[in-house]
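This report covers overall dimensions, one helix and one pocket. The sequence and structure are shown first.

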Amino acid sequence: MARSPLLAIDAARIVDPLRTFAPGRLIIEAGSVREVGTQDNVRVPSSAERVDLSGLTLTPGFIDPHIHGCGGADVMDGTYDSLNLISRTLARHGTTTFLPTTVSSGEDVLSLAVEKLGNLMSKVFEGATPLGIHMEGPFISRMKRGTHKASNIVPPNAEMFLRWVQLSNRQIRLVTIAPELDGIDQLLAAAAQAGATVAMGHSNASLAEANAAADRGVCYAVHTFNAMREFTHREPGIVGAVLSDDRIFAEIIADGVHVHPAAVRTFARAKGKYRIVLATDSTSAAGMPDGQYVLGSHIINVSGGVCRDSEGRLAGSTLTQDVALKNMVAWTDLSFEESVIGLTLNPARALRLEKKGMLEPGADADVVALDEHFMVVRTYVGGRLVWTNSK
Ligand SMILES: [Zn+2]
């Protein structure tokens with residue numbers, strides 16, 4: 001599917017995502033958005049190839065900062081073929097940008113993984129684009145480790161982190177830490193030096209500890225509620241900080257398994273449409289039938305689409321972002337347009353991806369076409385058609 005220099009796409013609706021144009025027209029030139037608006041207001045350039053997607057809704061491509069794998073492949077493999085399989089599988093579900101996410105592992109295993117992944121970031125993939133690495137752990141709380149093995153968790157170590165930054169070719173874009181741990185200040189300084197965003201998660205932080213971390217710039221939270229100190233009304237803990245601090249962008253795994261739909265609704269009301277990140281935490285089992293899969297060095301068993309490790313703990317998800325969007329609209333007060341912000345603009349802002357997450361002139365032409373059932377019909381990455389299920 002070759003890159004077309006100039007495309008004019010007509011759709012029933014374009015959600016950019018802050019404005020809606022209906023019926024909409026999107027002009028794509030050389031991989032970027034040239035113009036977007038209503039069909040009355042945007043002229044079709046005479047040399048453009050016309051694409052008729054009437055009946056469909058266009059949104060910016062989805063951005064997922066938290067992907068361990070999908071389609072049977074695990075990011076820790078660190079091979080082009082694995083990452084490309086993940087890239088292609090994600091595109092079928094509307095995801096156009098993702099951060100391959102490592103799990104806590106021994107230092108040597110992580111060194112090898114970040115080196116391999118870092119080298120792959122300059123390659124071209126057939127679907128979604130990997131744009132940096134998310135290191136989930138190993139500087140997390142043993143008390144809230146989730147499926148991360150206790151033996152792989154180590155105290156914050158800025159030197160070790162900076163070695164990974166080097167090995168990855170400075171491709172670490174996000175690092176999840178428990179902010180209450182000793183030695184976190186040096187790690188925050190190292191992350192700032194590396195240009196990485198810091199997330200709080202797998203944490204037993206109190207409200208005061210999490211608030212203090214936000215004051216120091218830790219304004220992202222991974223899988224809110226999961227692997228966090230529980231919320232209570234007298235010590236709201238890290239969950240209370242995430243829910244009440246408007247600076248914090250917060251992931252939610254909206255699969256109905258990790259978090260109850262009523263808790264997702266409560267979360268949406270607390271965070272509001274501009275701070276929600278609809279991440280998936282997907283494993284290699286996403287997009288695959290039930291069975292046995294890997295997550296890093298773990299074996300996980302998948303039954304009814306739910307991933308559990310050998311201890312019976314939840315171990316990532318089989319969620320995809322198209323389904324997360326559908327669930328958000330079904331479970332919360334947010335409209336379709338408002339929910340789309342959580343898959344597009346919010347993760348782009350949280351990760352400082354300036355040309356992603358919106359369809360305004362100059363933005364990368366990463367575009368998803370959805371039908372009324374949230375089915376992804378087409379996906380474009382940089383103006384290139386990478387997925388279609390057109391009948
Ligand atoms: Zn996790």
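## Overall fold

Of the 391 residues in the protein, 60% are buried. The model is a predicted one. Its secondary structure consists of ten helices and 22 strands. Where contacts link residues at least 6 apart in sequence, 68% of them join residues at least 24 apart.

The C-alpha trace spans about 60 × 45 × 40 Å along its principal axes. A compact globule of 391 residues would have a radius of gyration near 21 Å, and the protein has 20 Å, so the value agrees with that rule. The table sets this comparison beside the corresponding one for helix α1.

| Item | Expected | In the model |
|---|---|---|
| Radius of gyration, protein | near 21 Å | 20 Å |
| Span, helix α1 | 18 Å | 19 Å |

## Helix α1

Helix α1 covers residues 80-92. Because 13 residues at 1.5 Å a residue should span 18 Å, the 19 Å between its end C-alpha atoms agrees with expectation. Which residues of α1 are buried? They are Ser-82, Leu-83, Asn-84, Ile-86, Ser-87, Thr-89, Leu-90 and Ala-91. In an α-helix there are 3.6 residues a turn, so residues three or four places apart point the same way. Gly-94 follows α1 and has a positive phi, near 90 degrees.

## Largest pocket

The largest pocket holds about 260 Å³ of space. Its lining comprises 21 residues, and those nearest the centre are Gly-146, His-202, Asn-226, Ala-227 and Leu-314. By class, the lining residues divide into seven nonpolar, nine polar and five charged.

Note on methods: Residues are numbered from 1 along each chain as its sequence is written. This is a predicted model: local features need pLDDT of at least 70, side-chain atom pairs count only at pLDDT 80 or more; totals for chains, interfaces and linings use all residues. Side-chain values use heavy atoms; hydrogens and water are left out. On a 1 Å grid over the protein atoms alone, a cavity is a set of points where a 1.4 Å probe fits but cannot get out, and a pocket is an open set with protein on both sides within 12 Å along at least five of seven lines; lining residues have an atom within 4 Å of a point. Grid points are joined across faces, edges and corners, and a volume is the space filled by probe spheres set on the points. Ala, Val, Leu, Ile, Met, Phe, Trp, Tyr, Cys and Pro count as nonpolar, Asp, Glu, Lys and Arg as charged, and the others, Gly among them, as polar. Helices (H or I, at least four residues) and strands (E, at least two) are DSSP runs, numbered from the N terminus. The expected span of a helix is 1.5 Å times one less than its number of residues. Buried means under 20% relative accessible area, exposed over 50%, partly exposed in between (1.4 Å probe, protein chains only). The radius of gyration is taken over C-alpha atoms; the globule rule is 2.2 Å times the number of residues to the power 0.38. Contact means heavy atoms within 4.5 Å.
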